[in-house]
Amino acid sequence: MNLPDTPGGSPPIRIVVVDDHALFRRGVGQLLSMYPDIRVVADAPSGAEGIEAILTHRPDVALIDLHMKGLDGISVIRALQTAGSPTRLVMLTVSDSSFDVMEALKASAAGYLLKDMEPDEFCRKLRQVAAGGTVLSPEVGGVLAKPQAANRESIDAGWASLTVREQETLELVSKGASNKIIARSLGIAESTVKVHVKHVLQKLNLRNRFEAAVWLRELREEERSG
């Protein structure tokens, strides 16, 4: 059955919640039901059932708890990436550990959010990730920024090492743009975009597009504060 459009004419953002705490799943569902442009289509009490629910419902965004009995959140994300799931996968957890954040980044999560976020900010992040962006709780961004902020010269040198086209590509990557959209925006072939992204990651010693988005955000904040 097709979901009804929101008043603005766009279909609601479809969400699956994967968490082994029943009260939290119910609470998230009740919270999100207050926003007409967001709809929880399914929830799951375990990692294995979460994978099945996400592959079955193909939501726009899946919110996945980090520490669950059995299959943990990182393993769930890796399994879905291997399965080629198009769903944007967001870690939703109480942990602000830099190790956990980096593990999520390495697994190619589209976001890392903490469970104590304010409701409106939480929903704003969901809209952002559904539109193709990458999202972090502010506290998590601070954890990642600390080692970079200590060496401004290294950040500047990294940016200067990129060609103009690579800088343009990174700008679009940081906004969550896909290779297809980047190619259209820059008037180049999608295969060329892939090469640019590869070179950007290599030159900046980054592992994935999420890290690239975080890197550029910190560069911009350094520029504003400098």
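This report describes the sheet of a predicted model and the packing of several of its helices.

## The sheet

Strands of a sheet pair through backbone hydrogen bonds, in either a parallel or an antiparallel manner. In this model, six strands form an open sheet with parallel pairing, and their order is 2-1-3-4-5-6. Strand 2 and strand 6 (135–136) are the edge strands, each pairing on one side only. Helix 5 (residues 119–130) packs on this sheet and touches strand 1, strand 2, strand 3 (61–64), strand 4, strand 5 and strand 6. The direction of helix 5 makes about 130 degrees with that of strand 3.

## Strand pairs within the sheet

Strand 1 (residues 13–18) and strand 2 (residues 38–44) run parallel and are joined by six bridges. One residue of this pairing is Ile13, whose bridge partner in strand 2 is Ile38. Together with helix 1 (residues 22–32), strand 1 and strand 2 make a β-α-β unit, which is right-handed.

A further parallel pair consists of strand 4 (residues 88–93) and strand 5 (residues 111–114), with four bridges between them. Here Thr93 stands opposite Leu114 in strand 5.

## Helix 8 against helix 9

Two packed helices are described by the angle between their axes and the distance between the axes. For helix 8 (residues 164–174) and helix 9 (residues 179–186), the packing angle is about 130 degrees and the axes lie 10 Å apart. Helix 8 is therefore oblique to helix 9. The crossing of helix 8 past helix 9 is right-handed.

On the side of helix 8, the contact is made by Arg165, Glu168, Thr169, Leu172 and Val173; these meet Ile182, Ser185 and Leu186 in helix 9. By character, the residues of this contact between helix 8 and helix 9 comprise four nonpolar, two polar and two charged.

## Helix 9 against helix 10

Helix 9 also packs with helix 10 (residues 190–204): their axes come within 8 Å and cross at roughly 105 degrees. This angle makes helix 9 roughly perpendicular to helix 10.

In this contact, helix 9 contributes Asn179, Lys180, Ile182 and Ala183, which meet Glu190, Val193, Lys194 and Val197 in helix 10. The residues of the contact of helix 9 with helix 10 divide into four nonpolar, one polar and three charged. Ile182 thus has a place in the contact with helix 8 and in the contact with helix 10.

How values were computed:
Residues are numbered from 1 along each chain as its sequence is written. This is a predicted model: local features need pLDDT of at least 70, side-chain atom pairs count only at pLDDT 80 or more; totals for chains, interfaces and linings use all residues. Side-chain values use heavy atoms; hydrogens and water are left out. Axes are lines fitted to C-alpha atoms, for helices over the stretch in contact, and angles run from 0 to 180 degrees between N-to-C directions. Helices (H or I, at least four residues) and strands (E, at least two) are DSSP runs, numbered from the N terminus. Angles under 35 degrees count as roughly parallel, over 145 as roughly antiparallel, 65 to 115 as roughly perpendicular and the rest as oblique. A crossing is left-handed if the near helix is turned anticlockwise from the far one by less than a right angle, and right-handed if clockwise. Contact means heavy atoms within 4.5 Å. Ala, Val, Leu, Ile, Met, Phe, Trp, Tyr, Cys and Pro count as nonpolar, Asp, Glu, Lys and Arg as charged, and the others, Gly among them, as polar. Two strands pair if DSSP finds at least two bridges between them. A crossover is right-handed if, with the strands pointing away from the viewer, the path from the first strand over the helix to the second runs clockwise.
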